[in-house]
Amino acid sequence: MHGPALVSWLLAALAAGSGGYCGWRVRRWSTEPACGGHHRARRESDVLEAAMGLGMAGMALLPGVFWGWPYALLAAVLLVGALAGRGAGRRVHRLHHGIGALAMAYMALAMAGGGSAGGHAGHHGQPGGQPGGLPLLTGVLLVYFGAYALWEGSRVLAAGGPVAAAPLPRACRAAMGIGMFAMLLSM
C-alpha cells in the first residue's frame, strides 16, 4: 500500500484486529458442541475472514514481502477455500469471500508491476510511476467494497443498543470492507 505511514499502520491495525477476532471465533467454535451444517459454515467463514484480515494487515505493512506472486498464491488458496465451502444457505457469503480473494490477488499482481518481486519500481509499483491495475476493474471493486462496507455498517447500526456480541462479526466484516476499499484506493 502506498501512502502515509500512519494510514498503513491504522489499516494494518484494523485488519489485524478484525482477523484476530475472527481467529478467536474459530477457536470458540472448536470448543462448542457441533450444530450441524450451520456450525461448519460459520467456522469456515471465520477461518477465511481471519486469513483475509491477517493477510490484509501484512499487505498494508510489508508491501515488499506481500505484493506479487507469494501473495497471489495466498489469495488463490483463500479463493479455493471460499468456493469449496459446504455451508448450506451461505452461497452469497462464499461469493463475497471469493470476490475478496480475487481482489487481493488482483492488487498483489497489479502492484507487483508485472511480476517484479518487490514491485516498487515506480511510485505506484509500475515503471514511471503509473498506477497499477486496470482502472475499470479497480473502479468496480471500489464500488463493490464501498457498498459492502456501508451495507454491513448499516446492519451494525440497525442492531442498536449497547455493543453486544451479535453485531461484532458484522462490524469486523464492515471493517475489512473498509480496509479493502482503502487498499484499492491507494493503488
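**A walk through the helices of a predicted model**

Helix α7 covers residues 167-185, and its 19 residues reach 27 Å from the first C-alpha to the last, close to the 27 Å expected at 1.5 Å a residue. The model shown here is predicted. Many residues of α7 are buried, among them Pro167, Pro169, Cys172, Arg173, Ala174, Ala175, Met176 and Gly177. Further along the helix, Gly179, Met180, Met183 and Leu184 are buried as well.

Two of these buried residues, Arg173 and Ala174, lead to another helix. Leaving aside its neighbours within four places in sequence, Glu152 is in contact with Arg170, Arg173 and Ala174. Glu152 has its place in helix α6. Is Glu152 buried or exposed? Its relative accessibility is 2%, and because buried means under 20%, Glu152 counts as buried.

Helix α6, residues 135-159, also holds Tyr148 and Trp151, which stand three residues apart, about one turn of the helix. The aromatic rings offer a second way of reading the model. A search of the whole structure finds four aromatic pairs. In one of them, the rings of Tyr148 and Trp151 have their centres 6.2 Å apart and their planes at 50°, so the pair is tilted. A pair of aromatic rings is described by the distance of the centres and the angle of the planes. The two partners differ in their cover: Tyr148 counts as buried, at 8% relative accessibility, whereas Trp151, at 46%, counts as partly exposed. Ring pairs link Tyr148 and Trp151 with Tyr144 and Phe145 into a cluster.

The next stop is helix α2, which spans residues 37-61. Leu54 lies in this helix and, with a relative accessibility of 48%, counts as partly exposed. Which residues does Leu54 touch, not counting those up to four places away in sequence? They are Ala15, Ala16, Gly19 and Gly20. For Gly20, the separation from Leu54 is 34 residues in sequence, while in space the two are 7.4 Å apart, C-alpha to C-alpha.

Beyond α2, the chain reaches Leu62, which lies in the loop between α2 and α3, the latter being residues 63-66. Leu62 has a relative accessible area of 44% and is therefore partly exposed. Together with Trp9 and Leu61, Leu62 forms a nonpolar patch on the surface. The accessible area of these three residues together is about 320 Å².

Conventions: Residues numbered from 1 in each chain as written. Predicted model: local features only at pLDDT ≥ 70, side-chain atom pairs only at ≥ 80, totals over all residues. Heavy atoms only, no water. Patch = residues over 30% accessible without salt bridge, like charges linked within 9 Å, V, L, I, M, F, W, Y side chains within 5 Å. Areas by Shrake-Rupley, 256 points an atom, 1.4 Å probe, with all protein chains shown as cover. Salt bridge = Lys/Arg side-chain N within 4 Å of Asp/Glu carboxyl O. Helix = DSSP H or I, 4+ residues; strand = E, 2+ residues; numbered from the N terminus. Buried < 20%, exposed > 50% of the residue type's maximum accessible area, 1.4 Å probe, protein only. Expected span 1.5 Å × (residues − 1). Contact = heavy atoms within 4.5 Å. Phe/Tyr/Trp six-rings, centres within 6.5 Å; stacked < 30°, edge-to-face > 60°.
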